[in-house]
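Here are my notes on the model, set out as numbered points. Please read them with the structure open.

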Amino acid sequence: AREVWEAKAPPSGERQQDWPLARFGALAPADAAELHAALAAAKRPLVITTYLGYQKEAVGKLAALSERFGIGVLEQGPHYLNFPGEHPNHLGYQRNMLVDEADLILLIDVDVPWLPSKVAPAPGAKVFHIDIDPLKEKLGFWHFPVLRSHAADSALVLDQLLALDEQAGAAGRAGRLAWIAEAKQRIAPRL
């Protein structure tokens, strides 16, 4: 029976354009609203990403979200340009930084956001996970405590968040930006 599988197959008559890549969707509206409200309420929000930039258009969307709410962005071993390195809200590339200070962590397209043996989120921190593969089935043991985990297209999720009330995060934005600036001063010697 194995010989059948090893026999040379004739060329396919299928057209390549008839086999597009599968697309992931966005969040359910209630989930997008929950995340949006949590970002607006956070005092020290942090995004951690590794490969969000595989979708080039997502980079600008993350920058826009970061600016709107005052969110710090940390890149863990980036595979792509995920966030402009010169952006004032960019918090560097070093693993485990600020995880224990953030009151909200948004994991977007990242495999290992921190090392649990070294650091853990602050008690009461809300952790949300958006990823093309949030279960990480091929990574063996993978678990990070999260409030919500979504298999979704990160660029579409960023579009959803940017489409919601622009003024929602305005009240705490100055305080969040102050935290980012202060954190950058503290961690600068370690970067």
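The points below go from the whole chain to single residues.

1. Overall make-up. The model is a predicted one. The protein chain holds 5 helices and 5 strands, in the order α-α-β-α-β-β-β-β-α-α from the N terminus. Its C-alpha trace spans about 65 × 40 × 30 Å along the principal axes.

2. Burial and surface. The protein chain has 191 residues, of which 44% count as buried. Its accessible surface is about 10700 Å², and carbon and sulfur atoms account for 58% of that. Of the contacts between residues at least 6 apart in sequence, 62% join residues at least 24 apart.

3. Helix α2. This helix covers residues 29–41; at 1.5 Å a residue its 13 residues should span 18 Å, and the end C-alpha atoms are indeed 18 Å apart. Its buried residues include Ala 32, Leu 35, His 36, Ala 38, Leu 39 and Ala 40. Among the elements that cover the buried residues of α2 are the helices α3 (56–69), α4 (154–163) and α5 (170–187), together with the strands β3 and β4.

4. Asp 109. This residue lies in the loop between β3 (104–108) and β4 (126–131). Asp 109 is buried but has no salt bridge. How far away is the nearest side chain of opposite charge? That side chain is Lys 136, at 6.7 Å, whereas a salt bridge would need a side-chain nitrogen within 4 Å of a carboxyl oxygen. Beyond its neighbours within four places in sequence, Asp 109 is in contact with Thr 49, Thr 50, Tyr 51, Leu 52 and Tyr 54, and also with Ile 130, Asp 131, Ile 132 and Ser 154. I would look at this residue again in the display.

5. Nonpolar patch. Two of the contacts of Asp 109, Tyr 54 and Ile 132, also belong to a nonpolar surface patch. Phe 24 and Tyr 80 complete this patch, which has an area of about 340 Å². Ile 132 sits in the loop between β4 and β5 (148–151) and counts as partly exposed because its relative accessibility is 34%.

6. Positive phi angles. Which residues in the loop between β2 and β3 deserve a check of the backbone? Asn 96 is found in this loop, between β2 (72–75) and β3, and has a positive phi of about 80° although it is not a glycine. Leu 98, in the loop between β2 and β3, is likewise not a glycine and has a positive phi of about 65°. Asn 96 counts as buried because its relative accessibility is 18%, below the 20% cut-off. Leu 98 is buried too, with a relative accessible area of 4%.

Note on methods:
Residues numbered from 1 in each chain as written. Predicted model: local features only at pLDDT ≥ 70, side-chain atom pairs only at ≥ 80, totals over all residues. Heavy atoms only, no water. Helix = DSSP H or I, 4+ residues; strand = E, 2+ residues; numbered from the N terminus. Buried < 20%, exposed > 50% of the residue type's maximum accessible area, 1.4 Å probe, protein only. Lys, Arg positive; Asp, Glu negative; His and termini not counted. Contact = heavy atoms within 4.5 Å. Patch = residues over 30% accessible without salt bridge, like charges linked within 9 Å, V, L, I, M, F, W, Y side chains within 5 Å. Areas by Shrake-Rupley, 256 points an atom, 1.4 Å probe, with all protein chains shown as cover. Expected span 1.5 Å × (residues − 1).
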